Amino acid sequence: MHRTRHTLPAALAGLLLLTACGTEHQGAPGGGGATPTAGCGARPETPASPAEDGVTLTGTGMTGGPAASTAPGTGIESVTGDGPRPCAAYSLTSREAEPFTYTVTLQFLSEAGEAMTSAEDTVPAVAPGATVRRTVTAGDLPSGSARIARAKVVKVRSVPTTEAPAEGGACPPSGVRVYADQGDAAMGLRVVGLHLENCGTATYRLDGHPRVELRDEDHDRVDGVTVLRGGEAVATGTGADGPARPLALKPGERAYAGLVWRNTAEAGAPVNAPYARVWAKPGAAPVTVVPEFDLGTTGRLGVGPWKKEEGADPQRR
């Protein structure tokens with residue numbers, strides 16, 4: 001895999017222009033939305049600072065510095081009711097040697113700097129060296145909320161497009177969709193489900209545990225973490241325990257396997273690894289998912305066996 005760096009400082013090199021988007025820019029209520037049109041922001045784009053990262057983010061109307069944006073209130077109308085909503089424009093340039101799919105998380109702020117809402121923009125299959133201009137519209141806010149004045153990039157995640165997880169759409173060439181759910185957390189215990197759906201035309205067989213490798217923000221393999229078979233190695237009652245049994249998934253059937261860890265932090269350096277590279281079985285093509293591991297200093301990850309998933313997927317987003 002090609003080495004890439006997408007740490008937060010690099011993401012904040014991409015600064016944003018806010019303007020009233022009106023109704024021509026579509027966005028999902030509460031979560032925002034993205035469109036490749038150029039209607040958000042008419043000011044000329046300024047170049048990004050030089051960086052040794054796999055991705056460069058730039059913005060229109062930059063005023064310098066990671067926290068910079070246009071002056072509070074510039075081009076912003078009320079975001080309540082049916083009136084215009086603000087949007088943020090940015091450009092993403094991939095400096096990888098193969099197509100990557102990026103997920104950029106933006107935060108919309110009030111004039112006082114209070115986080116009002118966020119939006120997640122997925123940019124698929126950015127070719128090496130290509131620059132993609134994007135606009136993201138803020139979601140609806142309750143009546144009486146503070147006015148949105150500016151926005152910032154808070155996180156960038158990426159996966160090679162050939163390893164991108166799939167929850168819907170066209171069936172991948174492998175004949176299976178593999179993805180991670182949003183997980184559950186309680187009292188320091190984390191449980192994330194890996195899901196596999198047979199979207200092909202033939203029976204798909206599983207027998208055992210998925211192979212999981214943790215990767216850091218640079219997509220390098222994480223050392224010092226022991227990957228254990230069975231979630232009970234970390235905690236019981238998570239559903240990620242029990243023996244592995246042979247499964248024969250007919251077209252349309254699904255399986256799941258749990259990832260279990262604790263974020264307890266004691267002596268030593270805590271481990272934070274955004275990515276997991278997953279092989280469903282020996283010989284399967286890898287898929288890179290983004291569980292956002294915060295393992296603290298425990299150094300252990302429990303991987304449950306594949307189990308057949310009956311009925312509707314309760315974790316499906």
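Ala-240 touches Gly-230, Gly-231, Glu-232, Gly-258, Val-260, Gly-304 and Pro-305, when residues up to four places away in sequence are left out of the count. In this predicted model, Ala-240 sits in the loop between strand 14 (226-229) and strand 15 (247-249), and with a relative accessibility of 2% it counts as buried. The C-alpha atom of Ala-240 is separated by 8.7 Å from that of Val-191, although the two residues are 49 positions apart along the chain.

Val-191 leads on to the strand pairing around strand 11, since this residue stands opposite Val-260 in strand 16, and Val-260 is itself one of the residues that Ala-240 touches. Strand 11 (residues 189-198) and strand 16 (residues 254-262) run antiparallel and are joined by nine bridges. Strand 11 also pairs with strand 9 (residues 176-180), again in the antiparallel sense, over five bridges, and within that pairing Val-178 stands opposite Leu-196. A further antiparallel partner is strand 10 (residues 184-186), which is held to strand 11 by three bridges, with Ala-186 opposite Leu-189. Strand 10 and strand 11 form a hairpin with two residues between the strands, and there Met-187 takes a positive phi near 50 degrees. How much of strand 11 is covered? Nine of its ten residues are buried, so far as the cut-off of under 20% relative accessible area decides the matter.

Leu-196 of strand 11 also belongs to the largest nonpolar core, which has 31 residues and in which Leu-196, Leu-206, Val-212, Leu-214, Phe-293, Leu-301 and Trp-306 have the most contacts. Strand 16 supplies the largest share of this core, namely four residues. Apart from it lies another core, of 19 residues, which includes Tyr-102, Phe-108, Val-136 and Ala-151. In soluble globular proteins, nonpolar side chains tend to be buried together. Within the largest core, Leu-206 may serve as an example: beyond the residues up to four places away in sequence, Leu-206 touches Leu-196, Arg-245, Pro-246, Leu-247, Leu-249, Ala-255, Ala-280, Lys-281 and Trp-306.

The loops on either side of strand 11 and strand 9 bring in the disulfide, of which the count comes to one. Cys-171 and Cys-199 form it, with their sulfur atoms 2.0 Å apart, and because the torsion about their S-S bond is about 75 degrees, the disulfide is right-handed. The pair links distant parts of the chain, 28 residues apart, with Cys-171 in the loop between strand 8 (148-160) and strand 9, and Cys-199 in the loop between strand 11 and strand 12 (204-206). Cys-171 counts as partly exposed, at 32% relative accessibility.

Strand 6 (residues 115-126) holds a polar residue of interest, Asp-121. Is Asp-121 buried or exposed? Asp-121 has a relative accessible area of 2%, and it is therefore buried. Which side chains does the side chain of Asp-121 meet in polar contacts? One such contact, of 2.6 Å, joins Asp-121 to the side chain of Tyr-90, and another, of 2.7 Å, is made with the side chain of Arg-134.

Strand 6 also contains Ala-125, which brings the backbone back into view. Most residues other than glycine have a negative phi, and most peptide bonds are trans. Ala-125, however, has a positive phi of about 50 degrees although it is not a glycine, and at 45% relative accessibility it counts as partly exposed. Glu-292 is another residue other than glycine with a positive phi, here near 60 degrees. Glu-292 is placed in the loop between strand 19 (287-289) and strand 20 (293-296), where its relative accessible area of 28% makes it partly exposed.

The chain as a whole gives the setting for these details. The protein chain contains one helix and 22 strands, and buried residues make up 49% of its 317 residues. Among the contacts in the chain with a separation of 6 or more, 76% are accounted for by residues 24 or more positions apart. The accessible surface of the protein chain comes to about 14,400 Å², and carbon and sulfur atoms own 50% of that area.

Notes. Residues are numbered from 1 along each chain as its sequence is written. This is a predicted model: local features need pLDDT of at least 70, side-chain atom pairs count only at pLDDT 80 or more; totals for chains, interfaces and linings use all residues. Side-chain values use heavy atoms; hydrogens and water are left out. Buried means under 20% relative accessible area, exposed over 50%, partly exposed in between (1.4 Å probe, protein chains only). Contact means heavy atoms within 4.5 Å. Accessible areas come from the Shrake-Rupley method with a 1.4 Å probe; for residues, only the protein chains shown count as cover. Two strands pair if DSSP finds at least two bridges between them. A polar contact is a pair of N or O atoms within 3.5 Å; within protein, one must be able to donate a hydrogen and the other to accept it, and residues adjacent in sequence count only if both atoms are side-chain atoms. A nonpolar core is a set of buried Ala, Val, Leu, Ile, Met, Phe, Trp, Tyr and Cys residues joined through side-chain atoms within 4.5 Å. A disulfide is a pair of cysteine sulfur atoms within 2.5 Å.
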